[in-house]
Amino acid sequence: KNAFENENKESNLFHLFVGRSLFEAILRWTNEELAKKGKRQISLEKLMAYIGLEIAMSIVEIGSIKQYWETKAFSGHGDFRDTMSRDDFQDIRAALQFHPSDVFDDDESKERDPLYHSRMILNHFIRQCVSVAVPCGTSAHDENSIRTSARTRAKHYMDNKPIKYALRNYTNVGSREVYIHTFWDNGRGNLMDSSPAERYLAVHPEMRYSFTKTFGIGGKGEAYGVKADSPTALWALMLAHPSKKKPDPSGKRVVYMDNFYTRHRLGQVLKKMTDGEVRITGTCRTNLVNKVNLVGVKKAIAALESEPRGSWALVRAYDDEENEEFTEPASKKRKRQSGASKKSSKSQKTRDKGSWKKQRDDDEDDDIGDETEEERSVRTCDKEPNNPVPNAGYIIFKDRKTVVFYSNDLASTPPEWFCLGKDREDCIACVHGLSPLPRWTDDSVMNRCVFQVPAVVVAYNLFMNAVDRMDQRRQSNPCMRKERRLSQSIFSAILDFACNNGYAIGCTVSSSYKDKVSFREYKRRVAEQLTKPFRRARLRRASAERPR
């Protein structure tokens with residue numbers, strides 16, 4: 001709030017996330033590189049002017065960098081020429097360094113961590129995001145992309161994304177003003193011996209107690225089937241962090257996520273880590289449903305096949321630890337312990353996929369044939385598992401396709417193992433009531449048909465898109481260009497993220513700020529305030545040298 005009320009409030013909000021101490025360190029490392037190349041060293045004011053021009057390029061879009069300094073008619077931009085020469089700008093850009101030149105000379109992290117060159121600026125930004133503000137209420141957890149054309153192990157290809165080749169990052173964003181609170185790379189190509197959770201704890205040691213409380217002393221244990229060195233443990237730490245910094249006044253936080261992350265075990269770990277404050281809601285893949293819950297979900301899906309569109313069913317959730325006999329038949333467990341597992345049989349498989357499939361089916365038939373009647377009834381789940389988890393369950397919603405939702409934020413425990421809930425008052429109360437959901441149907445021409453569906457489904461549609469909204473805001477005026485250096489791509493993305501968070505803080509502090517200032521105007525003001533001191537000094541020197 002103090003930064004917002006002072007003069008140059010836009011640049012002050014920007015500096016909350018990339019502070020002057022960071023730029024002073026970058027200046028020192030960049031001057032060392034300039035000295036090696038025989039170039040003139042620069043001042044902090046000149047570096048800040050360079051940062052301002054990088055941000056200004058995102059709102060004044062021209063094809064290439066050199067065209068900003070052209071003097072032809074209808075070409076170039078006068079403010080860029082008045083601020084800095086093109087040679088100075090490109091010299092700084094080519095020499096920009098984000099770590100000391102000798103710190104990784106004998107360090108194994110240079111070989112094992114593909115993002116070693118940007119760890120310092122990433123960790124600085126991540127710490128500032130966590131410490132400056134904490135979003136309350138609902139938030140969304142999803143992946144975020146940083147486009148790059150560099151050759152690196154960290155780059156990930158995804159055909160279904162707008163940006164095919166990019167660094168993928170786990171991001172937790174507040175739903176109200178799309179404030180980025182926790183941010184971490186997905187570890188692709190990272191060969192370090194430490195687990196993702198351990199690397200997160202090295203940056204945020206304040207989460208060590210919560211992690212130890214959940215996974216045991218040393219952080220090497222397991223909780224609800226989640227191992228401490230798994231990516232799920234990292235997601236739990238990220239989602240629990242806002243609760244550690246500032247408990248929500250309402251007593252609960254709900255995080256919405258897509259089917260890549262949603263699973264019952266994650267919800268249980270989060271409730272244990274945050275003493276029940278953080279709950280999750282999201283779509284769920286059936287192959288990520290734990291075994292004790294999978295049959296109930298499949299039975300509900302089968303029951304909905306003959307129902308009309310808009311119907312839904314409710315399924316209880318159970319823990320594997322309370323129902324170990326449901327997760328693996330005893331005969332199969334004996335075979336696994338005696339060494340006759342699929343892993344050993346895979347070593348004998350041939351290149352012929354058909355013969356391997358036949359051998360696998362024969363093995364499964366052998367396992368089933370050795371089962372007793374009691375084991376077979378457990379495998380086919382003729383009886384309900386034990387001890388349902390309170391306020392947790394699966395909602396099976398029939399839209400054009402059948403969609404599986406999971407939530408541990410239900411109003412009560414589902415009344416039965418699985419049941420159709422359209423006309424049952426107890427089921428409707430369990431899902432926080434019904435809400436309207438407009439949908440185009442085959443017989444709707446002018447207006448959409450309105451279905452009354454569980455409020456959990458409507459809430460998911462409202463709040464899940466927070467990360468996508470942040471990406472849309474960022475991509476409307478991106479600082480990033482077609483970089484060849486991976487560190488430059490990451491730095492440009494951090495500038496965008498810092499502008500996004502600064503704007504989110506401004507909109508939160510003042511309710512009228514969002515109506516008066518657009519995100520593009522906010523970035524323009526940041527660029528103007530960062531370049532103003534160096535620009536004035538340059539114009540002053542030019543006027544003093546001009547003959548009278």
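The following paragraphs lead the reader through this structure, from its overall make-up to particular helix contacts and charged pairs.

The model is predicted. Its chain holds 24 helices and 14 strands. Of the 548 residues in the chain, 51% are buried. Contacts also join parts that are remote in sequence: among the contacts in the chain with a separation of 6 or more, 69% are between residues 24 or more positions apart. The examples below show such links at the level of individual helices and side chains.

A suitable place to begin is helix H4, which spans residues 44–59. The axes of H4 and helix H6 (residues 86–95) come within 11 Å and cross at roughly 95°. The two helices, H4 and H6, are therefore roughly perpendicular to each other, because angles of 65 to 115 degrees are placed in that class. On the side of H4, the residues that take part are Lys46, Leu47, Tyr50, Leu53, Glu54 and Met57; on the side of H6, they are Asp88, Phe89, Ile92 and Arg93. Sorted by class, this contact of H4 with H6 contains six nonpolar and four charged residues, and no polar ones.

Helix H4 also packs against H22, at an angle of about 80° and with the axes 11 Å apart. H4 and H22 are therefore roughly perpendicular to each other. Here H4 contributes Tyr50, Ile51, Glu54 and Ile55, while H22 contributes Gln488, Phe491, Leu495 and Cys499. The contact of H4 with H22 has six nonpolar residues, one polar and one charged. Tyr50 and Glu54 deserve attention, for they appear in the contact of H4 with H6 and also in the contact of H4 with H22.

From H22 the path continues to helix H21. Helix H21 covers residues 466–476 and helix H22 covers residues 486–509. These helices pack at an angle of about 115°, with their axes 10 Å apart. H21 and H22 are therefore roughly perpendicular to each other, and H21 passes H22 in a right-handed crossing. Met470, Arg473 and Arg474 of H21 meet Ala493, Asp496, Phe497, Asn500, Tyr503 and Ala504 of H22. Five of the residues in the contact of H21 with H22 are nonpolar, one is polar and three are charged.

Attention now turns to charged side chains. Side chains of opposite charge can pair when their charged atoms come close. In this model the count comes to 27 salt bridges, and three of them are described here.

In one salt bridge, Glu10 pairs with Arg525, and the closest N and O atoms are 3.1 Å apart. Glu10 belongs to helix H2 (residues 9–15) and Arg525 to helix H24 (residues 519–545), so that distant parts of the chain, 515 residues apart, are linked. Is Glu10 buried or exposed? Its relative accessibility is 3%, and Glu10 therefore counts as buried, since the cut-off for that class is under 20%. Arg525, with a relative accessible area of 24%, is partly exposed.

Helix H24 also provides a partner for Asp79, whose side chain meets that of Arg535 in a salt bridge (2.9 Å, N to O). Asp79 lies in helix H5 (residues 78–83) and Arg535 in helix H24, so this pair ties together parts that are 456 residues apart in sequence. Asp79 is partly exposed, with a relative accessible area of 37%, and Arg535 likewise counts as partly exposed, at 24% relative accessibility.

A further salt bridge joins Asp409 and Lys252, with the closest N and O atoms 3.1 Å apart. Where in the chain do Asp409 and Lys252 lie? Asp409 is in the loop between strand E11 (402–407) and strand E12 (418–420), and Lys252 is in the loop between helix H11 (231–245) and strand E7 (253–257). The two residues are 157 residues apart. Asp409 counts as buried at 9% relative accessibility, whereas Lys252, at 30%, counts as partly exposed. Salt bridges can also share partners: Glu10, Glu521, Arg524, Arg525 and Glu528 are joined in this way into one network.

The last stop is Ser210, found in helix H10 (residues 208–215). Ser210 has 6% relative accessibility and therefore counts as buried. With its neighbours within four places in sequence left aside, Ser210 is in contact with Lys244 and Met273.

Definitions and conventions: Residues numbered from 1 in each chain as written. Predicted model: local features only at pLDDT ≥ 70, side-chain atom pairs only at ≥ 80, totals over all residues. Heavy atoms only, no water. Axes fitted to C-alpha atoms, helices over the stretch in contact; angles between N-to-C directions. Helix = DSSP H or I, 4+ residues; strand = E, 2+ residues; numbered from the N terminus. Parallel < 35°, antiparallel > 145°, perpendicular 65-115°, else oblique. Contact = heavy atoms within 4.5 Å. Nonpolar A, V, L, I, M, F, W, Y, C, P; charged D, E, K, R; others polar. Left-handed = near helix turned anticlockwise from the far one by under 90°. Salt bridge = Lys/Arg side-chain N within 4 Å of Asp/Glu carboxyl O. Buried < 20%, exposed > 50% of the residue type's maximum accessible area, 1.4 Å probe, protein only.
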